[in-house]
Structure formats: C-alpha cells, structure tokens
Amino acid sequence: MSKRKILLTATIAATFVAGSALAASRDYVSIVGSSTVYPFATVVAEQFGKSTEFKTPKVESTGSGGGFKLFCAGVGVEHPDITNASRRMKKTELEMCKKNGVADVIEIKIGYDGIAIANSKKGPELSLTTRDVFLALAKEVPDPKGGEKLIANPYKTWKDVNSSLPATAIEVLGPPPTSGTRDAFAELAMEGGCKSFPWIKQIKKDSKKAKKAGDKALSKQLKSKYKGICHTVREDGAYIEAGENDNLIVQKLDANPNAVGVFGFSFLDENLDKVQGSTINGVNPKFETISDGSYPISRPLYFYVKKAHVKVVPGVHEFVESFTSDSTYGDDGYLSERGLIPMPKEERAAFTKAAKELIPLSSL
Amino acid sequence: MNNQQADTAPRRAIDVINAGMDRRKRSEKRFQLLGKLSIALAIGFLAMLLGSIVSKGYGAFQQTYVKLDVHLDAAKIDAENLNKGNYSGVIKEGLRNMFPDVSGRREKRKLYSLVSQSAAYQLQAKVIEEPGLIGQAISIWVPADDEVDVFFKGHINRDIAEEDRRIKDNQIRWIDHFIEQNRIEKRFNTTFFNAGDSRNPESAGIWGAVVGSFYTLLVTLLLSFPVGVASAIYLEEFAPKNKFIDFIEVNINNLAAVPSIIFGLLGLAIFINFFGLPRSASFVGGLVLTLMTLPTIIISSRAALKSVPPSIKQAALGVGASPMQAIFYHVLPLAMPGILTGTILGMAQALGESAPLLMIGMVAFIVDIPAGIFDPSTVLPVQIFLWADSPERAFLERTSGAIMVLLGFLVLMNMVAVILRKQFERRW
C-alpha cells in the first residue's frame with residue numbers, strides 16, 4: 001500500500017517536472033497581444049510555418065494591454081517573445097518591462113488600420129463630420145444655446161445633430177471600453193470633433209501651459225477634465241456596446257437599416273455588399289484614403305520583440321524579418337489583401353532595418 | 001337551522017362537487033395546454049437553432065475545386081531538391097496559359113487569386129510522391145480561393161454593383177469560363193476534417209482542435225474519474241458524520257455552481273505561474289477542466305452509491321466481507337452505470353467549455369496538430385469562437401460546420417450515457 005502511494009506521488013511529481021522541463025525549452029515562437037493585429041499576425045505566422053523549417057508560431061489574442069503584461073513579465077521561455085499592439089507602448093509599460101529584466105525591446109510598426117463608421121446598404125449613405133460624431137455620442141455636449149457650459153446630451157436623432165442628416169434615431173453599435181478599437185475611436189473621432197469647440201481646446205492648451213509652468217497637479221486636473229469631456233460616451237442607450245465581435249455588428253446592421261456601427265476597416269472591406277462606410281469630414285473610408293492619411297480615423301499597429309529571446313528561441317529573428325519584408329507588409333504584400341494599410345516606403349524601410357539589425361527602443 | 005335546511009333543497013357534497021366540475025376540468029385543460037405550448041415553444045426554438053446552423057453550415061462540408069493544366073517545368077523544379085521548387089510559379093503559369101489575354105500586374109494578381117495559396121503545397125506533395133512527373137504536363141484539381149468558393153456556392157449575388165463585392169467582374173468572367181469547360185466543381189471537403197487551423201478558409205480544418213479536445217479530455221478523464229469516484233466512496237460509505245464532513249459536502253455542492261472562468265484563473269495562478277507548466281498545453285487545460293468536472297462526478301457518484309440498497313452491503317458484511325470488500329465487490333459494480341453516466345455528462349460539459357481555457361492561453365492560433373499533451377493546442381469550442389470572429393466570409397459556414405461537429409460529439413456522448421443507463425442500471 002505504501003509502495004503504491006510512493007509510486008503515485010512519484011508519477012504525479014514526474015509529470016509536473018516533465019511539464020516544467022518541456023516549458024524550459026521551446027521550439028516555437030510565442031506571440032500574444034492585440035485582437036486587431038491578430039488577423040495579420042496569424043497570416044504571417046502560418047506563411048512562416050509553411051515556407052520555413054521552423055514550427056508555426058503560436059498566436060494568442062489577449063488584447064494590447066494584456067499582451068504587454070505577459071510580455072513584460074520577464075525573460076525566459078515561459079514568457080512570450082513578441083506582443084502585438086493596436087497602440088504604442090506606454091511609458092509605464094516600458095518601465096515595467098525594464099523592472100522585470102526585459103531590457104531591450106524592439107518596436108516595429110506594421111501599418112495602419114482604419115476604423116469605419118458604417119450602416120446598412122438599405123439605409124441612406126451618411127456624410128458625417130467628426131463634430132457630428134462627437135455631438136451624437138458624447139455623454140455631455142456644449143449647450144447648443146451657446147456659452148461654455150456642458151449639458152447632458154439632448155440629441156435624439158441625427159437631424160438634431162446636423163440638419164443635413166436624416167431624421168432617424170441615433171443608434172450606434174460599437175465596441176466595449178475594453179477594446180483597443182474603442183480607445184482609438186474615442187481618441188480620433190470623438191476628440192477630433194470635441195476639439196472643434198475652441199473653449200474645449202483651450203482646456204488642453206491650458207493644461208500644457210500649466211505643465212510648462214511646473215504646476216503638475218493643475219496640468220493633470222485640466223487634462224483629465226479635457227479627456228472626460230471628449231472621450232466619455234453617452235450611456236442613455238444611443239450607444240450600444242455590441243461586444244468585440246465585429247461580424248456580429250455587421251449582421252445587426254444588416255437587420256436594422258437605421259443603426260450605425262463602428263468596427264475595423266477589414267470588416268467593412270469584406271462586407272461591402274451589406275454595409276457602406278460613412279464619409280468622415282468628406283473622406284470615404286477606402287484603402288487609398290487611409291494609406292495617405294486623409295481619412296481621419298485610422299491608427300498605427302505595432303508589434304514588440306524581446307531581444308533577449310532572439311538567440312534562445314529558434315525562429316524569432318527569422319519571423320520578424322519575414323514580417324517586415326516587402327512581400328509581407330509592403331504595398332503589394334499579402335497583408336494588404338487582408339485589409340492592412342501599408343506605411344509609406346521610407347517609413348517602412350526604417351522598420352525593416354530595425355528588424356534586421358534588432359535596434360532596440362531607447363525611449364518613448 | 002334544521003328548519004331552514006328543510007325549507008330549501010338539501011345541499012349535498014356531491015352537488016358542490018358537480019357545480020365545480022366544469023371549472024376544474026377547464027383549469028386542468030388550461031394547464032395541460034400551457035404545458036404543451038411551452039414544449040412546442042422549446043421545440044420550435046431548438047428547430048430554429050438547428051435549422052439556422054445546418055442551413056449555414058452544410059456548405060462547409062464542400063469545397064470548390066478547379067482543374068488546372070500545368071507543365072512541371074524542370075527549370076522551375078529541381079529534381080534533386082524537391083522542397084525548394086517554384087511550385088506557385090508553375091500554378092501561375094498554368095493560369096496564364098489558360099487566359100493568355102490577361103495582362104498588367106493588377107489583373108494578373110486577380111487571376112492568381114482564383115486558386116488557393118495551398119495549391120502550390122498540394123502540387124509539391126504530388127511531385128514528391130511521384131518525382132517522375134517532372135518535365136510532363138499534367139492536369140491537377142486544386143482548391144479554389146475562398147472568395148471563389150463563396151461565389152460558386154451562390155452566396156454572392158452577381159447582380160450587385162462590382163465595387164460592392166470582393167469578387168470582380170473579370171474574375172466572374174474567368175469563373176464562367178471554368179464552368180463552361182467543366183473545370184470547376186464542388187467536392188467533399190476532406191481538408192475540413194484533416195487539417196489544422198489556417199487563416200485561409202479553404203485550407204482551415206478542425207482536426208487540430210479535435211486532437212486538442214481529445215488530449216484535454218483524456219487528461220480530465222484520467223484525473224477526475226479516479227479522484228471523483230474515490231472521494232464519493234469515502235464521503236458516502238466511510239466518512240464519519242460530523243460538522244467537518246458536512247462542511248466539505250456543502251463546499252462540493254457549491255463548487256458545482258462556481259462559474260467556470262474562476263477555475264481558469266485558478267489554473268493560471270497555480271499550474272502556470274506556480275508550477276511553471278507551459279501555456280496553451282492541453283495538459284494544463286485538462287487539469288483546469290478536472291477541477292471543474294470533479295464536483296459533478298462526485299455528486300452523481302454519491303447519488304449512484306446511495307441508490308444501491310443497503311441490504312446488499314449488509315449481506316456482504318454478514319458473510320464476513322470487510323467493508324472495503326463489500327464496497328468494491330458488491331456496491332460499486334451495482335453503482336457503476338450511474339457513476340459512468342455522471343462521468344460522461346461531466347465530460348460532455350467539459351468538451352463544450354471555452355471560458356476557463358481563455359485564461360491559460362488555449363485561445364490561440366495554432367496550425368500544427370498537437371502531438372502530445374504538452375504541445376500547444378486548442379479545443380473545438382475555442383476554434384468555433386476564433387472562426388466566428390474572423391473577417392473572411394467563408395469562415396461563416398465553417399463556423400457553423402464546426403458547431404455541427406461539436407454538437408455531433410455531444411449527442412454521441414449523451415447517447416452513450418443513455419444507453420449505459422438503459423442497459424445496465426438495475427432498479428429495486
């Protein structure tokens with residue numbers, strides 16, 4: 001009986017040790033991070049696995065913030081080699097990395113992603129300005145009677161916002177606050193419209209002035225006031241959080257011609273028979289307009305590489321080089337067919353060089 | 001009082017009953033109707049769900065193939081080094097020869113995108129199998145691109161404006177040419193059943209997820225069955241009746257109702273962060289699902305043990321068996337069908353679970369088929385979740401196809417549980 005017990009304990013212990021030992025040597029690249037970059041990273045990973053003798057990298061979709069948390073947890077094969085992000089790394093995140101021994105991090109920008117505001121083809125095509133978007137969706141808006149006062153958003157229909165728009169109720173389906181798409185939407189679309197009110201813009205200017213003058217507390221307070229005005233989305237039912245699944249939003253738009261949706265450009269591109277993108281400030285969301293920067297709601301996409309892993313995990317450097325080759329993220333690269341908007345040539349060349357020579361990020 | 005009763009007609013009990021009879025019958029009927037209605041509603045919803053899944057998903061079991069005539073040019077493919085040949089060049093040449101009037105970079109790219117990127121790998125496999133083909137012209141059926149597949153299956157209307165569809169007018173013209181020459185057809189989609197995940201819908205399959213589910217459930221079964229049954233036997237037959245044991249019982253019952261994501265968080269903290277086990281491995285997934293299914297197995301095993309009449313155990317003890325012998329030779333075999341039923345239902349629940357696996361990195365893009373329990377792997381429900389989130393239109397039907405496969409496994413497992421119960425369960 002006691003022999004059996006010992007044997008059982010030994011087996012269990014051995015399994016755990018074997019598992020840990022296996023974790024100690026990894027022969028595939030481990031990638032985590034943004035769900036927006038996920039569709040692009042997976043395509044490159046698959047292509048890489050098929051065309052080289054390395055194993056196919058494993059790509060996890062954890063969100064940008066979650067990715068940095070895992071990435072910066074330390075050096076060693078149990079930690080990921082690469083993290084994807086739909087925004088730039090924050091200073092605090094780089095500090096966290098350094099604190100945990102992840103000294104050298106290589107930053108690669110891979111291209112741009114547009115955020116489309118779209119509705120069903122059965123409805124009228126909308127021509128919006130960022131100011132319309134802000135007024136339609138902010139929690140509090142400047143009093144329409146004038147003056148520097150905020151009131152709870154009174155607008156019920158698009159026509160209330162802008163008389164040239166149809167008189168349908170404001171009903172916008174979009175991502176929840178945990179999503180990177182939502183951050184970018186608030187920062188680019190809503191803030192863009194918010195800034196068009198001079199007195200709100202003045203708050204930001206005052207904040208900068210205070211910073212220069214050395215009054216950090218005032219600067220912070222003004223900045224958060226500005227952000228609160230510009231980034232807070234109304235909660236009275238006009239903006240509906242539709243989850244992270246963009247396909248679901250497209251289906252809901254198809255069923256409800258009066259609703260408007262906010263989602264990634266690649267989903268607009270794949271579903272052009274069902275939904276139409278609204279023009280923003282007179283520019284239609286198209287491949288070309290996002291690429292040249294004239295479409296206002298677009299954001300850069302990045303990935304970050306741990307230099308310490310390059311020599312340890314086979315295939316890391318090769319994967320990064322394959323990602324940054326022109327046939328991948330160039331103008332005619334296969335990622336452009338998936339909806340990634342390539343960077344201009346000179347910018348691309350800089351990142352291709354950074355990837356080849358593994359030039360680490362010095363500061364943000 | 002007596003006088004009054006004598007004046008009016010005597011009210012007997014039966015009259016009261018008769019007066020109320022109609023009302024009672026009506027209410028009885030109403031209740032039955034309500035029951036029937038709710039069952040009809042449930043069946044209606046089930047039919048709607050299944051109908052929507054099947055009507056969307058049956059297309060996933062077919063894939064469009066096109067026939068190409070290619071020349072296996074020895075200049076492009078080196079017989080000495082078959083792995084490095086320019087197979088996609090051969091495929092592209094075959095397409096160009098078919099439509100010699102196509103010119104310009106943009107149009108050529110559109111032409112090349114008619115066939116799947118996996119066509120080159122298929123050609124490579126064929127040549128490696130028969131190296132003698134080099135230098136010859138052959139006909140080969142290769143998978144069409146997912147856009148062509150969706151179009152050929154009739155999911156894209158050719159009457160809508162060109163700019164509104166992903167497939168362009170010239171591509172439709174080429175496809176029509178294929179149709180005229182009988183060079184395009186739908187075939188049974190074997191890739192769907194024997195390939196791992198892919199970002200190209202036409203080369204994506206569920207085999208990787210099925211194998212991952214198998215390993216995960218194997219680990220779960222090997223751990224949760226012995227541990228669950230042993231705890232059930234101890235608690236039911238040996239444990240003293242005291243406050244501490246009561247406390248444990250209450251906790252097991254509570255654990256059965258804990259949201260599964262909590263077990264995922266626990267698994268992340270203990271197995272990955274503390275023990276240093278690899279992320280995304282089906283071993284860790286199995287451990288987490290073990291925690292989740294243990295309460296179910298313990299509770300159902302205890303119910304099965306309790307249903308065995310005590311006289312059987314007492315008879316065994318009476319003829320001199322030790323308590324352990326009485327349980328292992330007499331009680332446990334009789335309780336086994338019930339225990340197995342509970343275990344299978346617990347396993348079916350584990351098979352459909354995806355939330356706890358989110359925390360331990362099993363929600364990931366994994367192409368290679370896992371070869372063991374420590375390899376990175378994913379499971380069927382996670383695969384469905386990942387496909388449902390993909391922008392490509394062709395993944396829509398593959399999502400529903402994978403749901404059908406998962407439902408098939410679940411129905412199969414539940415059927416085994418029902419058969420076990422019907423065949424072997426004894427009633428006293």
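Buried area is the accessible area, taken with a 1.4 Å probe, that two parts lose on being put together, summed over both. In this predicted model, about 3700 Å² is buried between chain B and chain A, with carbon and sulfur atoms giving 47% of that area. Within chain B, domain 1 (64-187) and domain 2 (207-424) bury about 380 Å² between them.

**Interface of chain B and chain A**

- Chain B brings 39 residues to the contact, and chain A brings 42.
- There are 3 salt bridges across the interface of chain B and chain A; one of them joins B:Arg393 to A:Asp273, with the closest N and O atoms 2.6 Å apart.
- Polar contacts between chain B and chain A number 16 residue pairs, both residues being at pLDDT 80 or more.
- On the side of chain B that touches chain A, two or more residues come from each of helix H4 (105-112), helix H12 (282-306), strand E4 (364-365) and helix H16 (380-388).
- That side of chain B comprises 19 nonpolar, 8 polar and 12 charged residues.

**Strand pairing between the chains**

- Strand E2 of chain A (residues 58-60) pairs with E4(B) in the antiparallel sense over 2 bridges.
- Opposite A:Val59 stands B:Phe365 of E4(B).

**Domains of chain B**

- The centres of domain 1 and domain 2 of chain B, taken over C-alpha atoms, lie 46 Å apart.
- In the contact between these domains, 5 residues of domain 1 meet 5 residues of domain 2.
- Carbon and sulfur atoms give 46% of the area buried between the two domains.
- The two domains share 2 salt bridges, including that of B:Lys153 with B:Glu397 at 2.6 Å, N to O.
- The side of domain 1 that touches domain 2 has 1 nonpolar, 1 polar and 3 charged residues.

Notes:
Residues numbered from 1 in each chain as written. Chains lettered and ligands numbered in written order. Predicted model: local features only at pLDDT ≥ 70, side-chain atom pairs only at ≥ 80, totals over all residues. Heavy atoms only, no water. Domains from an automatic or database assignment. Contact = heavy atoms within 4.5 Å. Salt bridge = Lys/Arg side-chain N within 4 Å of Asp/Glu carboxyl O. Nonpolar A, V, L, I, M, F, W, Y, C, P; charged D, E, K, R; others polar. Polar contact = N/O pair within 3.5 Å; in protein donor to acceptor, adjacent residues only side chain to side chain. Helix = DSSP H or I, 4+ residues; strand = E, 2+ residues; numbered from the N terminus. Pairing = 2+ DSSP bridges.
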